[in-house]
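Please walk me through this structure in the viewer, one selection at a time. I would like to know what to select next and what is there.

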Amino acid sequence: APVIVPIDGGDPRPIPGTGPPDVPLEWSADGRQIYVFRRQQIPAKIFLLDLATGERRPWKEIRPSDPLATGIPKLLITPDGAAYAYRAIHITSELYIIDGLR
């Protein structure tokens, strides 16, 4: 699970309201919230998470234009939420079936 590590020393503490699949993306402009998401979900649901209470509020849902996208491994957001960029992955493979081979 994501943690906050104090820069002036002290033990890391878990971020309330997060779990192991959550990925912190960016601090909000006011520094009281962070943007979080889960990498392998399509559409990617991004939340603003209040660091004091652990309350998460939906911010944006991103659905890649590629209908075969299997995940969004990289997502960047500006602190004010005015802009974002992401990379989607698309894994393809082929299966050949050979019948009657001797």
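Select Ser-28 to begin. With a relative accessible area of 8%, Ser-28 is buried. This is a predicted model, and that holds for every stop of the tour. Ser-28 belongs to the loop between S3 and S4. Now show what surrounds Ser-28: apart from neighbours within four places in sequence, its contacts are Gln-33, Ile-34, Tyr-35, Leu-48 and Pro-79.

**The hairpin around the loop**

Extend the selection to both strands beside the loop. S3 and S4 make a hairpin, with five residues between them. Gly-31, in the turn, has a positive phi of about 75°. The two strands run antiparallel and are joined by four bridges. To see a pairing, select Glu-26, whose bridge partner in S4 is Tyr-35.

**Strand S4**

Keep S4 selected and hide the rest for a moment. Which side chains point one way from S4, and which the other way? Gln-33, Tyr-35 and Phe-37 point one way, while Ile-34 and Val-36 point the other way. In a regular strand, side chains alternate between the two faces of the sheet. Now bring the rest back. Five of the five residues of S4 are buried, so the strand is largely enclosed by the rest of the structure.

**The next strand and the sheet**

Add S5 to the view. S4 and S5 also form a hairpin, with six residues between them. These strands run antiparallel too, and four bridges join them. Two places to check across this pair are Gln-33, which stands opposite Asp-50 in S5, and Val-36, which stands opposite Phe-47 in S5.

Add S6, and the view holds an open sheet of four strands in the order S3-S4-S5-S6, with antiparallel pairing. S3 and S6 are at the edges; each has a single partner strand, so one side of each has no neighbour in the sheet. On average, and ignoring direction, neighbouring strands of this sheet are turned by 30° against each other.

**The nonpolar cores**

Show side chains and select Val-23, Leu-25, Tyr-35, Phe-37, Ala-44, Ile-46, Leu-48, Ile-62, Ile-72, Leu-75 and Ile-77. These 11 residues are the largest nonpolar core. Strands S3 (23-27), S4 (33-37), S5 (44-50) and S7 (71-77) each give two or more residues to this core. A second, separate core has seven residues, including Ile-4, Val-36, Phe-47 and Leu-49.

For a closer look, select Val-23. Setting aside neighbours within four places in sequence, Val-23 is in contact with Tyr-35, Val-36, Phe-37 and Arg-39.

**The aromatic rings**

Next, select the rings. How many aromatic pairs does a search of the whole structure find? The search finds two. A pair of aromatic rings is described by the distance of the centres and the angle of the planes.

One pair is Tyr-35 with Trp-59, an edge-to-face arrangement with 5.2 Å centre to centre and 70° between the planes. Tyr-35 is in strand S4 and Trp-59 in strand S6 (residues 56-62), so this pair links distant parts of the chain, 24 residues apart. Tyr-35 counts as buried because its relative accessibility is 3%. Trp-59, at 23% relative accessibility, counts as partly exposed.

Now add Tyr-84. The ring centres of Trp-59 and Tyr-84 are 6.2 Å apart and the planes are at 80°, so this pair is edge-to-face. Here too distant parts of the chain are linked: Trp-59 is in strand S6 and Tyr-84 in strand S8 (residues 84-89), 25 residues apart. Tyr-84 counts as partly exposed, at 37% relative accessibility. Tyr-35, Trp-59 and Tyr-84 form one aromatic cluster.

**Charges over rings**

Two last selections remain. Keep Trp-59 and add Lys-60: Lys-60 lies over the face of Trp-59, 5.3 Å from the ring centre. Then go to Phe-47 and add Arg-56, whose charged end sits over the ring of Phe-47 at 5.0 Å from its centre.

Conventions: Residues are numbered from 1 along each chain as its sequence is written. Side-chain values use heavy atoms; hydrogens and water are left out. A nonpolar core is a set of buried Ala, Val, Leu, Ile, Met, Phe, Trp, Tyr and Cys residues joined through side-chain atoms within 4.5 Å. Buried means under 20% relative accessible area, exposed over 50%, partly exposed in between (1.4 Å probe, protein chains only). Contact means heavy atoms within 4.5 Å. Rings of Phe, Tyr and Trp (its six-membered ring) pair if their centres lie within 6.5 Å; planes under 30 degrees apart count as stacked, over 60 as edge-to-face and the rest as tilted. A charge sits over a ring if NZ of Lys or CZ of Arg is within 6 Å of the ring centre and within 35 degrees of the ring normal. Two strands pair if DSSP finds at least two bridges between them. Axes are lines fitted to C-alpha atoms, for helices over the stretch in contact, and angles run from 0 to 180 degrees between N-to-C directions.
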